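Colleague: Before I use any labels from this model, I would like to hear the reasoning behind them. Please take them one at a time.

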Amino acid sequence: GCSDGTARTLTNAVTLAGDVDMGYSSGALTLTAPVQMQGNRRVHLVSGSSPVVLTFSGGLQEDAAGRNFTLTGGSGSGQYGAYGRLDLNGAAWSGLTRVNGSTLRVLSNLNATVGIEVNKAAASARATLELYNAQNDKIPDNLPLDLRGGCVKVAGPAYANVSETLGTVRLHPGESMLQANPYYSQATLVVSGLLLVGVFCG
């Protein structure tokens, strides 16, 4: 582990034969070679006063069709603490994608996955799917997208024009959010439809 908070880069090929836990003073870790997961895998990020950032710059692959990937995590410093982030450049798994905590920042696309769930699993979980530097190509328009107290955000670098079009977003009970980053980038998020699931309007 990187217990001193120093940023590190690993160039070796990595196989995830088990789940990954990274937290508190681990700092930032970048894996430049493609990462292969054996079976369904989970990455768990827990930050303290500063965020933990894990980057798969070579992408994440599956060893067999239908593998599921789950990102979990939260803040170890309470609701005002920092939250972890997984930066992903290349996603080649064909099962389900779950964001149950922390932020999954998509740098390329999620075209291979069969569906995405963004779920706030706990009070300290803050689950966010961030489509970074999007040009309408991060998520296919017909891809199932379920929000259970989670957030989908479109963002980009300073002064960039970024946009994303989503298909039908299924909103389950919970306080969910769709956000076009209002800070530096000119961000646009278009949603084709909203479907309320398990929500009754009286």
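Colleague: What makes β2 and β5 a pair of strands?

Modeller: The model is predicted, and the pairing is read from its backbone. Two strands pair if there are at least two bridges between them. Three bridges join β2 to β5 (residues 35-37), so the criterion is met. The two strands run parallel, and Thr15 has Gln36 in β5 as its bridge partner.

Colleague: Why is β2 called an edge strand?

Modeller: β2 belongs to an open sheet of four strands in the order β2-β5-β8-β11, with parallel pairing. The edge strands β2 (14-16) and β11 (91-92) each pair on one side only.

Colleague: Which partners does β4 pair with?

Modeller: β4 (residues 28-31) pairs with β1 (residues 8-10) over three bridges, in the parallel sense. Thr30 of β4 is the bridge partner of Thr9. β4 also pairs with β7 (residues 53-56) in the parallel sense, over four bridges, and there Leu31 stands opposite Phe56.

Colleague: What makes β17 a mostly covered strand?

Modeller: Five of the five residues of β17 (residues 151-155) are buried. Cys151, Lys153 and Ala155 point one way and Val152 and Val154 the other, and all are buried. In a regular strand the side chains alternate between the two faces of the sheet.

Colleague: Which strands pair with β17?

Modeller: β15 (residues 128-132) pairs with β17 in the parallel sense over five bridges, and β19 (residues 177-180) does so over four. Val154 is the bridge partner of Leu131 and stands opposite Ala180 in β19.

Colleague: Where does Leu131 stand in the nonpolar core?

Modeller: The largest nonpolar core has 40 residues, and Leu131 is among those with the most contacts inside it, along with Leu60, Val118 and Leu129. Strand β18 (residues 161-171) gives the most to this core, with four residues. Leu129 touches, among others, Val118, Ile139, Cys151 and Val152.

Colleague: How do you know that Arg42 and Asp21 form a salt bridge?

Modeller: The cut-off is 4 Å between a side-chain nitrogen of Lys or Arg and a carboxyl oxygen of Asp or Glu. The closest N and O atoms of Arg42 and Asp21 are 3.6 Å apart, so the pair qualifies. Arg42 lies in β6 (residues 41-47) and Asp21 in β3 (residues 20-24), so the salt bridge ties together parts that are 21 residues apart in sequence.

Colleague: Why is Asp21 called exposed and Arg42 partly exposed?

Modeller: Exposed means over 50% relative accessible area, and buried means under 20%. Asp21 is at 54%, so it counts as exposed. Arg42 is at 25%, so it falls in between and counts as partly exposed.

Colleague: Why is Glu117 called buried?

Modeller: The relative accessible area of Glu117 is 17%, which is under 20%, so the label is buried. Arg148 has 30% and is therefore partly exposed. The side chains of Glu117 and Arg148 meet in a salt bridge at 3.8 Å, N to O. That pair links distant parts of the chain, with Glu117 in β14 (residues 115-119) and Arg148 in β16 (residues 145-148), 31 residues apart.

Colleague: What makes Arg67 and Asp63 a salt bridge?

Modeller: Their closest N and O atoms are 2.8 Å apart, which is within 4 Å, so the pair qualifies. Arg67, at 23% relative accessibility, counts as partly exposed, and Asp63 is partly exposed at 36%.

Methods. Residues numbered from 1 in each chain as written. Predicted model: local features only at pLDDT ≥ 70, side-chain atom pairs only at ≥ 80, totals over all residues. Heavy atoms only, no water. Core = buried A, V, L, I, M, F, W, Y, C linked by side-chain atoms within 4.5 Å. Buried < 20%, exposed > 50% of the residue type's maximum accessible area, 1.4 Å probe, protein only. Contact = heavy atoms within 4.5 Å. Lists of a residue's contacts leave out its neighbours within four places in sequence.
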